[in-house]
Amino acid sequence: MQGKGIIKFFLVVMLLVTAVQYLFVIPTNNVESDAEDFAESKSAPVEGEREQAETYKMAYSNYLDSMSNKEIVKIPLLKSYTYQELKGQQLAYGLDLKGGMSVVLQVDLREFIRSLGLKSSDPTFEEALDLASQAQANAQDDFVALFADAWQEVKGDKNLATIFQRNDAMRSEIGLNTSDAEVIRILREKADEAVNLTYELLGKRIDQLGVVQPNVSLDADRDIILVELPGIENKERALDMMQAAAKLEFYDIYRINEGNIIQSLVQADQLLDNRQKLAAGEEVEDETSFRIDTIYGIDSLGATTDEIVSIDTVETAPQATAGPLFSVLQPNNNNLGPAVIGVAERTERDEVMAFLNDDEVARLFPRDLGFRWSRDPIPGVEDGTEFYELYMIKIPRDGEAPLNGEYVVEAGAQPEPNGQVGVSLTMNSEGGRIWSQWTARAAADQNRQVAILLDDQVVSAPSVRSQIDGGRTSITGNFNVQEADDLASILRVGSLPATTQVLQLSEVGPSLGAENISRSVTALIIGFLVLMGFMLFYYGGGGIVSVIALLLNLVFIFGALASMGTVLTLPGIAGILLTIGMAVDANVIIFERIREEVRAGKGIHAAVSDGFRNSYSAIIDANVTTILVALVLAYFGLGPIKGFAVVLIIGVLCSLFTAVLVGRLMIDWWLGRGKEITFWTGGSKNAFADMNIDWLGKRRVAYIISGIAIVLSLGSIFTRGFDLGVDFKGGYSYVVEFANDVDPETVRTELTGPFGSTPTVKSVSSGNTLNIVTDFLVTETKQDENGVNPQDRVMEALYTGVKAATGNNSLTLDDFANSDRSEGTHVLSVSKVGPTIADDIYRSSLLAGGLALIFIFLYLLLRFNKWQYSLGAVAALFHDSIIVLGIFSIAWGFLPFNMEVDQAFIAAILTVIGYSINDTVVVFDRIREFLNTYVSGGKTEIINRAVNSTVSRTVITSLTTLFVVAVLLFFGGDSIRGFAFALLVGILVGTYSSIFIATPIVHDLTDDMEAKPVSETADKTVTA
């Protein structure tokens, strides 16, 4: 064997690097152990179980956060490592193993483009944006490209430059004569910058959450950001941090007595009222004016208190009723502060803004007047009605705030003199200069107010009493301590240039994660022991070599995954198990070839040398095709599925190194010491020897059997369909554990009312665990009129139905929604997939399957130089895929485990494609060898001889992989059983098709496949 020195060098280097990688665990565990001791000391004095647990979690997180940037380990002459760096060098658990939250966010480029156009009300512009939004739900293109197509469709004779040229910030790039194509190019650049900056800022915000080993990744082609937060405790807080734009702005205000604003407001109400009356054919009446009266409470001494008893609109003119505007907006009568034009209830704010944004109404007010609602309702209304103030702000001509969050360099929560919690701000020198000049003008102008806005809502509007130097100020807005801390953290990082929308949301409780870890470790150990036992039983001394290679393979796989910062998930563990099963494939190919050479009369040294040399071609072809499929899966997959593909690629590469190179090194070392080695035992020595089956003679029967199977599969696919998972149809998916066994039909009936439609309800693993899927509110992305998020409304509806189904009146919503609980009726996991990403996953899955087949076809064409080989292989893969799909279509609802067609199932199909092609390529490779090494005989005889000589490898590798897949099926946990079943069926069908479909097709399509004449010097071993 050549190059032994190089192999030894790389083996030693890889072992050293991997050992260092594993040693990083020791100092990391020491820090975490200290954090546990610290948290224990802080939580021990706290009374109450829940309070104690909260204190422990907070103290533990704060300790690790304080250690994140401290040097923990220093390697002389090389590098020092902080705790954060050490943690990043270790294998992280994904959500399904540790619990936590995963969110897929889409950067909202629609609103970003609108903001670049200064929110133009041009109807053509709005129509193009609407069309692009509609197309985005069913297209692969990015939003800017869709907007460009939509604009071309509706623009008429308009020029896109006229929309954006009004923005002073874009005038240097866009003029009135700039072409539409150039404007689109500029928008694309701006959008790319916004997406990348949003991604970077989100990463910094998530660092503020104190989550250990978060994972934030960007799919720039689709403007999608994937965020995984293993072990996150406060999921609502995390969502707020990710979605809050935190756009901090300072504006001058209008006073209620300036610019005839009250008169304009009355005229606006009269205009709208007259318009409605004219439309209804009623008589138009004279103008009317109103005032707002705020009634305050009286204390026991008869003095007025700060408590607001009621807010009423009082008519001062003869008209009997208020107009449309005053029916929802109660004007300010000098009782609500000079910058407030009026108040409205929460549910009526949108209607008020619709009236004020009317083109005719807007012309009644100053051009630079903008309306913004208060962030918080007016406190102290006696009947609990929430009234929000509508502020008047001065908007500069360029639409930009005179001062914004970009100038903020430091922010922190601090108590205010009035007992509230505020956020103190420190600005840079430029911001300090602007703020100093501004406050000087405001103080001189009768203590004019300054409106401070956060995400377009007024959080405070303080009166300026004096000039403020030094760039310091503070924000107050009824914050609690946590809200103030989070806002300060966000402001320190910076505001997002574009808002984000939740496309997909998954939450997994820690108890479910712990169960998955336990089952996965069990499956891993059992799978390895089964394989080890079989290899030792079948190959004897060679089996020992393969077991050592397998152990090294596992060591290298985990080391490589840790060094890459890979997040290990349940599909990832399935990938490791599958890799173990496939890793012996190279050993089997080599050992079977060595056995052939020994049976042909060669000595062990020559047999080993020729066995390895003659196996390389088949091993390389088989593994390259698997890597091609895994690369396709890695490109198109999301989250855990991408992780599965990465594990598969690393596993294949490590398997090639350990089985082929290290395995050869060990065997040569053993033989070089004068020792003997065997590749069989007494029970396996003559297994599959001297086989002489006419496989091709049975091909017509196989064609009929396969034809019937395909027809039945297609019939079921087109009639019965599939149990589509939430990945493909969109919706909310909940796994709910009940305190006692429940009837799924009862739960389904009780949920139909709250959801407004019949949900899908099915048992997961036992009678007390159900999977509930609904499309209720899945398209909603905004809060309702009461400020409740869509996911919270769905959870409330689920709680209502479950409570009715169980009759448990003591069950509270908080307890039910708490995935951290380990007892009682509660939600174990939540997953939300929006319709946009569901369509995207569906299209990506079809594209991934198609590309995998094309790549395999082209690779085989390149390797074998005959299209018949490629066609035979791809036809067999179509055959395998359709039958696996058909069995899933036929069997769902009958087998006692989840058979959803989701991303994991697509991963299984692609894995089946990669595995099936392995068997096929080995047979093809032997056919090619027999044709090129002077073997006499006709086409049929050659192919039969090739199949007979490789059937031992085909059966044994299928058996070893089936062992592992069976372990996954029975021990791998409920969420992975459907995946394992698809692999099980695929391996069986793939083994069959490589012999009875792919090979016969090559035989039937090839006319010129004849062997060369027998050479006198030909190696006789090839006829064995």
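Is Asp610 buried or exposed? In this predicted model, Asp610 turns out to be buried, with a relative accessible area of 13%. Its side chain isn't left without a partner, though: Asp610 and Lys602 meet in a salt bridge, with N and O 2.2 Å apart.

That pair is one of many. Searching the whole structure turns up 31 salt bridges. Take Glu360 and Arg275, which form a salt bridge whose closest N and O atoms sit 2.9 Å apart. The two come from distant parts of the chain, 85 residues apart, with Glu360 in helix α14 (residues 359–362) and Arg275 in helix α12 (residues 261–280). Glu360 counts as partly exposed because its relative accessibility is 39%. Arg275 is partly exposed too, at 31%.

Another salt bridge joins Arg372 to Asp456, and here the closest N and O atoms are 3.8 Å apart. Arg372 belongs to strand β12 (residues 369–373), while Asp456 is in the loop between β17 and β18 (457–460), so this pair ties together parts that are 84 residues apart in sequence. With a relative accessible area of 26%, Asp456 is partly exposed. Salt bridges can also join up into a network, and that's what happens with Arg110, Glu111, Arg114, Glu126 and Asp130.

Now for the surface patches. A nonpolar one is made up of Ile854, Phe855, Leu858, Leu861, Trp867, Leu871 and Leu1005, which together have about 590 Å² of accessible area. Two elements, α28 (835–864) and α29 (867–891), each give two or more residues to this nonpolar patch. The biggest giver is α28, with four residues. One of the patch residues, Leu858, lies in helix α28. Leu858 has 47% relative accessibility, so it counts as partly exposed; the cut-off for exposed is over 50%.

There is a charged patch as well. Asp34, Glu36, Asp37 and Glu40 form a negative patch on the surface. Of these, Glu36 can be placed in helix α2, which covers residues 25–43. Glu36 is partly exposed, with a relative accessibility of 38%.

The loops have details of their own. Between α15 (429–444) and β17 (450–454) runs a loop that holds Gln446. The phi angle of Gln446 is near 55°, which is a positive value in a residue that isn't glycine. Asn447 is found in that loop between α15 and β17 too, and its phi is likewise positive, near 55°, again in a residue other than glycine. What about their accessibility? Gln446 counts as exposed because its relative accessibility is 64%, whereas Asn447, at 26%, counts as partly exposed.

Further towards the start of the chain, Thr178 sits in the loop between α9 (161–164) and α10 (180–207). Thr178 has just 13% relative accessibility, so it counts as buried. A polar atom of the Thr178 side chain lies 2.7 Å from the backbone nitrogen of Gly175.

Finally, there's Lys729, which is part of helix α24 (residues 726–729). Its relative accessible area is 42%, so Lys729 is partly exposed. Lys729 and Asp775 are 46 residues apart in sequence, and their C-alpha atoms are 8.6 Å apart in space.

Key. Residues are numbered from 1 along each chain as its sequence is written. This is a predicted model: local features need pLDDT of at least 70, side-chain atom pairs count only at pLDDT 80 or more; totals for chains, interfaces and linings use all residues. Side-chain values use heavy atoms; hydrogens and water are left out. Patches are made of residues with over 30% relative accessible area and no salt bridge: like charges are joined within 9 Å, nonpolar side chains (Val, Leu, Ile, Met, Phe, Trp, Tyr) within 5 Å. Accessible areas come from the Shrake-Rupley method with a 1.4 Å probe; for residues, only the protein chains shown count as cover. A salt bridge is a side-chain nitrogen of Lys or Arg within 4 Å of a carboxyl oxygen of Asp or Glu. Buried means under 20% relative accessible area, exposed over 50%, partly exposed in between (1.4 Å probe, protein chains only). Lys and Arg count as positive and Asp and Glu as negative; His and the chain ends are not counted. The place of a charge is taken as NZ of Lys, CZ of Arg, CG of Asp or CD of Glu. A polar contact is a pair of N or O atoms within 3.5 Å; within protein, one must be able to donate a hydrogen and the other to accept it, and residues adjacent in sequence count only if both atoms are side-chain atoms.
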